[in-house]
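Hi everyone, thanks for making time this morning. I'd like to walk you through one model, a few residues at a time, and then step back to the whole chain. Here it is on the screen.

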Amino acid sequence: MDELDKKLLNLLQQNGRISIKKLSDALFITAPAVSQRLRHLEEAKLIQSYHALIDYEQAGLPIKAYIHLSIEPHQKPEFYPFIQSIPNVIECDCVTGPYSMLLKVIFSSTRQLDDFINQLQKFGRTNTQIVFSTPVPSRGYHFEEDR
């Protein structure tokens with residue numbers, strides 16, 4: 001990944017809908033060169049997909065929580081398909097420490113969250129934190145460019 005790729009990734013993280021023309025102007029390269037770089041970054045899986053950043057509270061899902069879950073390794077083949085089928089789970093990470101999974105979830109009510117936690121407990125012990133505020137929202141990573 002060279003300096004132009006880093007600049008390109010930074011621009012895309014700021015605005016995933018930026019036009020090829022605007023990228024071309026910002027990077028001082030031709031539009032076909034931008035398209036080629038994008039294709040290369042996508043094929044290399046550096047760019048995995050393009051998303052809209054949703055305000056979940058505005059969308060009627062004001063309850064955001066993190067759930068730690070302790071599961072045994074032999075449960076993963078059953079757990080993974082289950083957790084992938086729940087649309088309220090917006091991220092699931094396998095982590096170190098006393099819990100083996102960390103889930104980021106969104107719900108319209110604490111009642112729904114409680115029902116979900118009850119379902120999860122068939123896999124193991126849980127610990128839940130409900131988010132009050134988000135002083136640093138999801139923002140991606142800013143790639144430093146050599147000077």
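Let's begin with N88, which sits in the loop between α4, residues 76-84, and β2, residues 89-94. A quick word before we go on: this is a predicted model, so please keep that in mind throughout.

Is N88 buried or exposed? N88 counts as buried, because its relative accessibility is 19% and the cut-off for buried is under 20%. What does the side chain of N88 do there? One of its polar atoms lies 2.9 Å from the backbone oxygen of I106. I106 also turns up in the contact list: leaving out residues up to four places away in sequence, N88 touches L61, K104, V105, I106 and F107.

F107 brings me to P62, since P62 touches F107 too, along with Y56, E57 and S108, again not counting residues up to four places away in sequence. You'll find P62 in the loop between α3 and β1. With a relative accessibility of 41%, P62 counts as partly exposed. Here is a distance for those following along on the model: the C-alpha atoms of P62 and L103 are 16 Å apart, with their positions 41 residues apart along the chain.

That loop between α3 and β1, where β1 covers residues 63-69, also holds K45. What is phi of K45 near? Phi of K45 is near 70 degrees, a positive value in a residue other than glycine. K45 is exposed, because its relative accessibility is 59% and exposed means over 50%.

F28 also has a positive phi without being a glycine, with a value near 60 degrees. F28 belongs to the loop between α2, residues 20-27, and α3, residues 31-43. Which way does F28 go, buried or exposed? F28 is exposed, at a relative accessible area of 76%.

One more residue, and this time we are in a helix: Q14 is part of α1, which spans residues 3-14. Q14 is exposed as well, with a relative accessible area of 64%. Its C-alpha atom is 16 Å from that of Q48, and the two residues are 34 positions apart along the chain.

Now let's zoom out. How many helices and strands does the protein have? There are five helices and four strands. Reading from the N terminus, the order is α-α-α-β-α-β-β-α-β.

On overall dimensions, a compact globule of 147 residues would have a radius of gyration near 15 Å, whereas this protein has 20 Å. Along the principal axes, the C-alpha atoms fill a box of roughly 55 × 35 × 30 Å.

As for contacts, take those with a sequence separation of 6 or more: 65% of them are between residues 24 or more positions apart. Buried residues make up 31% of the 147, and N88 counts as one of the buried ones.

Finally, the surface and the charges. The protein exposes about 10,200 Å², and carbon and sulfur atoms supply 52% of that area. There are 16 positive and 17 negative charges, and their mean positions are 3 Å apart.

That's my tour. If we go back to one spot, I'd pick N88 again, with its side chain 2.9 Å from the backbone oxygen of I106. Thanks for listening, and I'm happy to take questions.

Key: Residues are numbered from 1 along each chain as its sequence is written. This is a predicted model: local features need pLDDT of at least 70, side-chain atom pairs count only at pLDDT 80 or more; totals for chains, interfaces and linings use all residues. Side-chain values use heavy atoms; hydrogens and water are left out. Helices (H or I, at least four residues) and strands (E, at least two) are DSSP runs, numbered from the N terminus. The radius of gyration is taken over C-alpha atoms; the globule rule is 2.2 Å times the number of residues to the power 0.38. Buried means under 20% relative accessible area, exposed over 50%, partly exposed in between (1.4 Å probe, protein chains only). Contact means heavy atoms within 4.5 Å. Accessible areas come from the Shrake-Rupley method with a 1.4 Å probe; for residues, only the protein chains shown count as cover. Lys and Arg count as positive and Asp and Glu as negative; His and the chain ends are not counted. The place of a charge is taken as NZ of Lys, CZ of Arg, CG of Asp or CD of Glu. A polar contact is a pair of N or O atoms within 3.5 Å; within protein, one must be able to donate a hydrogen and the other to accept it, and residues adjacent in sequence count only if both atoms are side-chain atoms.
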